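Thank you all for coming; I would like to walk you slowly through one structure, and I will explain each term when it comes up. Please have a look at the model while I talk.

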Amino acid sequence: MDKLALLYERMKKLRESGVKMKEISEETDIASSVLSSLYSSVLPMYVNLLSSGTEPEAALDQALQQVNNVSKRKLLGCLDDLYEKVCHLEPRLISAKNGERPFLDDIEKDAVRYLPNAGIYAGLYLAYSASSFSDGLKVEPYMITSITDGNTMPKVYSQNMSGDYYVGIGLFSPFQIGYLMFNEQKRLQLALKVIYLQLPILEYPDLIKGIYMTHDYNRNPIARRILFVRQGDEIPLNEFAELRTRVISKDQIETEEERAYYDYTCHTEDIIKSMMLVSPDKNIDDLRREKRILGFL
């Protein structure tokens, strides 16, 4: 049971170093609400009872009585794995004196100021853009969530063709500018997807247009037009996980709305592509060759 005390000391060190509970949650695959209960209620009382001479078993039973979302059986069953994962987490080294990450700090400060602007865009959306692998209209579910648990930016979700959903962040300013940012791959691979939104002046808009910046299946950079069409309020994440991204081929478009979305997003001039060409020279002739190749696609 002493490992519980060690776990508490390690979590304290992480929290004091600036690591957020949601970051610990993501690394340990344990809900942040459970970790918060452990850190703020169960573990400190357990350590205090141990120091006063209470037996470990009784101390844990008494500490767990404070909360209703932590199971003794599950806690002891995952304790070794939880402690190992927490020990492998490294504190964020943030030096306010040296200003090592002013860009990220500025974004977070502005995000807090802009929180009142984020709420009016919360909800479920279908996003329409050009497909990367066929002449068709890609339809992707997106969800922008309300601010919870003291987050400085709303969580945003999107679905891929395989049915997996990605979690990202949103930033909405009062200047008709919004950004949705995702990492489309697993944590060990950085593959950013950034959507720039031109926010309309009216509140709770049904239609938002923007530019979708990502990469194609060969990791070539690509930008395209995108339309967000509001479907309603946000839904539970388990229901969102059941939604799927799909592609409507050009000859299967049926409704006037889908035709209008295709005409706005899927024409040749609505997509900007670049290619990675292997060349020993890397001169202006390579740029001309790239444009000729892209003209055939």
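Gln176 sits in the loop between β4 (165-172) and β5 (177-183), where helices (H or I, at least four residues) and strands (E, at least two) are DSSP runs, numbered from the N terminus. This is a predicted model, in which local features need pLDDT of at least 70 and side-chain atom pairs count only at pLDDT 80 or more, while totals for chains, interfaces and linings use all residues. Residues are numbered from 1 along each chain as its sequence is written, and side-chain values use heavy atoms, with hydrogens and water left out.

What is notable about the phi of Gln176? Gln176 is not a glycine, and yet its phi is positive, at about 60°. As background, most residues other than glycine have a negative phi. Gln176 counts as partly exposed because its relative accessible area is 36%; on this scale buried means under 20% relative accessible area, exposed means over 50%, and partly exposed is in between, using a 1.4 Å probe and protein chains only.

Asp29 also has a positive phi of about 60° although it is not a glycine, and its place is the loop between α2 (21-28) and α3 (32-51). Is Asp29 buried or exposed? With a relative accessibility of 65%, Asp29 is exposed.

Asp29 also leads us to the charged pairs, since Asp29, Asp81 and Lys85 are linked in a network of salt bridges. By a salt bridge I mean a side-chain nitrogen of Lys or Arg within 4 Å of a carboxyl oxygen of Asp or Glu. In general terms, side chains of opposite charge can pair when their charged atoms come close. How many salt bridges does the structure hold? The count is eleven, and I will go through some of them.

Within that network, the side chains of Asp81 and Lys85 meet in a salt bridge at 3.4 Å, N to O. Asp81 and Lys85 are separated by about one helical turn, because they are four residues apart in helix α5. Asp81 is partly exposed at a relative accessible area of 40%, and Lys85, with 27% relative accessibility, counts as partly exposed as well.

Another salt bridge joins the side chains of Asp61 and Lys72, at 2.8 Å from N to O. Because Asp61 lies in helix α4 (residues 56-64) and Lys72 in helix α5 (residues 72-88), this pair ties together parts that are eleven residues apart in sequence. Asp61 is partly exposed at 32% relative accessibility, and Lys72 is partly exposed at 22%.

Further along the chain, Arg288 forms a salt bridge with Asp285, and the closest N and O atoms are 2.9 Å apart. Arg288 and Asp285 are three residues apart in helix α10 (residues 284-296), so about one helical turn separates them. Arg288 has a relative accessible area of 46% and is therefore partly exposed, while Asp285 is partly exposed at 44%.

Let me turn to how the helices pack. Two packed helices are described by the angle between their axes and the distance between the axes. The axes here are lines fitted to C-alpha atoms, for helices over the stretch in contact, and angles run from 0 to 180 degrees between N-to-C directions.

Helix α1 (residues 2-16) packs with α3 at an angle of about 125°, and their axes are 10 Å apart. α1 and α3 are therefore oblique to each other, given that angles under 35 degrees count as roughly parallel, over 145 as roughly antiparallel, 65 to 115 as roughly perpendicular, and the rest as oblique.

α1 also packs with α5, at an angle of about 40° and with axes 10 Å apart. That angle makes α1 oblique to α5.

Finally, where is Phe228 found? Phe228 has its place in strand β8 (residues 221-232), and it is buried, with a relative accessible area of 1%. Phe228 and Pro141 are 87 residues apart in sequence, and in space they are 9.3 Å apart, C-alpha to C-alpha. I will stop there, and I am happy to go back to any part of the model.
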